[in-house]
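Dear colleague,

Please find below the structure that I am handing over to you. My notes on it follow directly after.

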Amino acid sequence: MMKLVVSGVHTLMSLLLYVNSGICQDSVISGFVGEDILLPCVYKNPVPVHVFWRINDVDAVLDIINSNPSTATQIAKYRRRVFSFPKEYSNGNFSIVIKKLQLDDANLYECKIPDADRPKSVKLQVSDQDKERKTMPPPADGAAASNLSVVLLSAVSLLICF
């Protein structure tokens with residue numbers, strides 16, 4: 001009997017570790033060309049003073065140095081299109097907004113915090129709105145229930161992660 005309980009606890013712990021390492025590390029956000037989109041990065045431990053948003057592990061999207069946004073190393077395509085929320089830094093919120101999405105903005109973005117164990121990754125998918133409208137079939141019965149399931153699963157994963 002005791003072995004079964006330990007095994008069940010071990011299985012539950014393994015599942016939680018798997019969920020925490022997989023879902024929390026990466027999230028996927030979709031947007032359309034021309035829209036503005038938020039890429040989240042919230043850090044709940046003591047607030048860092050340096051945060052680095054990168055793509056391809058090298059290209060600078062935005063740096064936050066000494067709790068101030070810096071565009072000194074920012075690649076040209078993001079100038080005047082990427083913004084953060086300096087008043088929220090003290091709350092651990094280092095999320096950014098990319099304005100006027102372009103198809104080539106689709107990429108894996110990383111919010112790197114030197115004190116964190118691993119960067120927070122966000123995969124951005126960008127679609128052309130006109131093409132999506134022409135190729136998308138009408139929603140089937142039960143589509144709303146399916147969407148609700150996805151939303152609920154996402155909310156639960158966020159609760160587990162943070």
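**Core, sheet and strand 8**

In this predicted model, the largest nonpolar core has 24 residues, of which Leu39, Trp53, Val61, Ile98, Tyr109 and Leu124 touch the most other members. At least two residues of this core come from each of strand 2, strand 3 (51-55), strand 4 (59-65), strand 7, strand 8 and strand 9 (120-127). In soluble globular proteins, nonpolar side chains tend to be buried together.

Tyr109 merits separate mention. Beyond its neighbours within four places in sequence, Tyr109 is in contact with Leu39, Trp53, Val61, Ile98 and Leu124, among others. Its further contacts include Arg54, Ile55, Tyr78, Lys120, Ser121 and Val122.

As to the sheet, three strands form an open arrangement in the order 2-7-6, with antiparallel pairing. Strand 2 (37-39) and strand 6 (82-84) are the edge strands; each has a single partner strand, so one side of each is left without a neighbour in the sheet. From one strand to the next, the twist averages 30°. Strand 6 is joined to strand 7 (residues 96-98) by three bridges, and Val82 has Ile98 in strand 7 as its bridge partner.

Lys112 lies in strand 8 (residues 107-112). Its relative accessible area is 22%, which makes Lys112 partly exposed, since buried means under 20%. Lys112 and Val51 are 61 residues apart along the chain, yet their C-alpha atoms are separated by 5.7 Å. Neighbours within four places in sequence aside, the contacts of Lys112 are His50, Val51, Phe52, Arg54, Asp57 and Pro119.

With kind regards

Conventions
Residues numbered from 1 in each chain as written. Predicted model: local features only at pLDDT ≥ 70, side-chain atom pairs only at ≥ 80, totals over all residues. Heavy atoms only, no water. Pairing = 2+ DSSP bridges. Helix = DSSP H or I, 4+ residues; strand = E, 2+ residues; numbered from the N terminus. Axes fitted to C-alpha atoms, helices over the stretch in contact; angles between N-to-C directions. Buried < 20%, exposed > 50% of the residue type's maximum accessible area, 1.4 Å probe, protein only. Contact = heavy atoms within 4.5 Å. Core = buried A, V, L, I, M, F, W, Y, C linked by side-chain atoms within 4.5 Å.
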